[in-house]
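This briefing sets out the main structural points of the chain shown below. The points are grouped by topic for use alongside the sequence and the coordinates.

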Amino acid sequence: APRFSVELALGKARTAAQNACPSDSLFDPQAPQPRPSGDGAGPPSGQVPIGGGFPLMIDGQLAGAIGISGEGHYSDDMAIAHAALAALQHLFGEAR
C-alpha cells in the first residue's frame, strides 16, 4: 500500500471517532460537491469523509475507531473494516 495510506487510515479512524459514525456517512457521492475555493468549506482539518473508518462502540460507549486504507477502492477498505469489527465483536461481545 502507498505510504499515504497510513495517514488516510488514521484520518478515517479520527473522523469515525470524532463523529461517532462511519466516515463515509459524512459524504454523499451523489450530492453535488462544492468546488474547492480555499475558503474552508471542505471537511474540518484531519477529517477524511470516505469509506473505511468505523467507530468502535462497547456497551454503548465510544471505545475507539478503526481506519482502513490501501491500494484498492474505498469499498474494499470498508469490507476489511467490517471484518475487523466482527472479530472485535466476537472478542468483546458488545462491540459494534
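S69 is buried, with a relative accessible area of 18%, a value that falls under the 20% cut-off for burial. The model in which this residue is described is a predicted one. S69 belongs to the loop between strand 2 and helix 2, and its contacts lead to a buried salt-bridge pair, described below, through K12 and D77.

**Surroundings of S69**

- Leaving aside residues up to four places away in sequence, S69 touches S5, L8, A9, K12 and D77.
- Of these partners, K12 is in helix 1 and D77 is in helix 2.

**The salt bridge**

- One salt bridge is found in a search of the whole structure.
- The side chains that meet in a salt bridge are those of K12 and D77, at 2.8 Å from N to O.
- This pair links distant parts of the chain, since K12 lies in helix 1 and D77 in helix 2, 65 residues apart.
- K12 is buried, with a relative accessible area of 1%.
- D77 is likewise buried, at a relative accessible area of 5%.

**Overall architecture**

- The protein chain contains two helices and two strands, and from the N terminus on these elements run α-β-β-α.
- Helix 1 spans residues 4-19 and strand 1 spans residues 53-58, while strand 2 covers residues 61-67 and helix 2 covers residues 74-92.
- Of the 96 residues in the protein chain, 27% are buried.
- Among contacts between residues at least 6 apart in sequence, 66% join residues at least 24 apart.
- The accessible surface of the protein chain comes to about 6200 Å², and carbon and sulfur atoms account for 57% of that area.

**Helix 2 and its buried side**

- Helix 2 has 19 residues and reaches 26 Å from its first C-alpha to its last, which is close to the 27 Å expected at 1.5 Å a residue.
- The buried residues of helix 2 are D77, M78, A81 and L85.
- These residues lie on the same side of helix 2 because they cover an arc of only 95° around the axis.
- The cover over the buried residues of helix 2 includes helix 1, strand 1 and strand 2.
- D77 therefore appears in two roles, as one of the buried residues of helix 2 and as the acidic partner of K12 in the salt bridge.

**V48 in the loop between helix 1 and strand 1**

- V48 lies in the loop between helix 1 and strand 1.
- At 14% relative accessibility, V48 counts as buried.
- V48 and L8 are 40 residues apart along the chain, and their C-alpha atoms are separated by 7.1 Å.
- Not counting residues up to four places away in sequence, V48 touches L8, G11, K12, T15 and S23.
- L8 and K12 appear among the contacts of V48 and also among those of S69.

**A nonpolar patch on the surface**

- F27, I50 and Y74 make a nonpolar surface patch of about 240 Å².
- F27 is found in the loop between helix 1 and strand 1.
- F27 is partly exposed, with a relative accessible area of 34%, and so exceeds the 30% relative accessible area that patch residues must have.

Terms used
Residues numbered from 1 in each chain as written. Predicted model: local features only at pLDDT ≥ 70, side-chain atom pairs only at ≥ 80, totals over all residues. Heavy atoms only, no water. Patch = residues over 30% accessible without salt bridge, like charges linked within 9 Å, V, L, I, M, F, W, Y side chains within 5 Å. Areas by Shrake-Rupley, 256 points an atom, 1.4 Å probe, with all protein chains shown as cover. Salt bridge = Lys/Arg side-chain N within 4 Å of Asp/Glu carboxyl O. Helix = DSSP H or I, 4+ residues; strand = E, 2+ residues; numbered from the N terminus. Buried < 20%, exposed > 50% of the residue type's maximum accessible area, 1.4 Å probe, protein only. Contact = heavy atoms within 4.5 Å. Expected span 1.5 Å × (residues − 1). Arc of directions from axis to C-beta.
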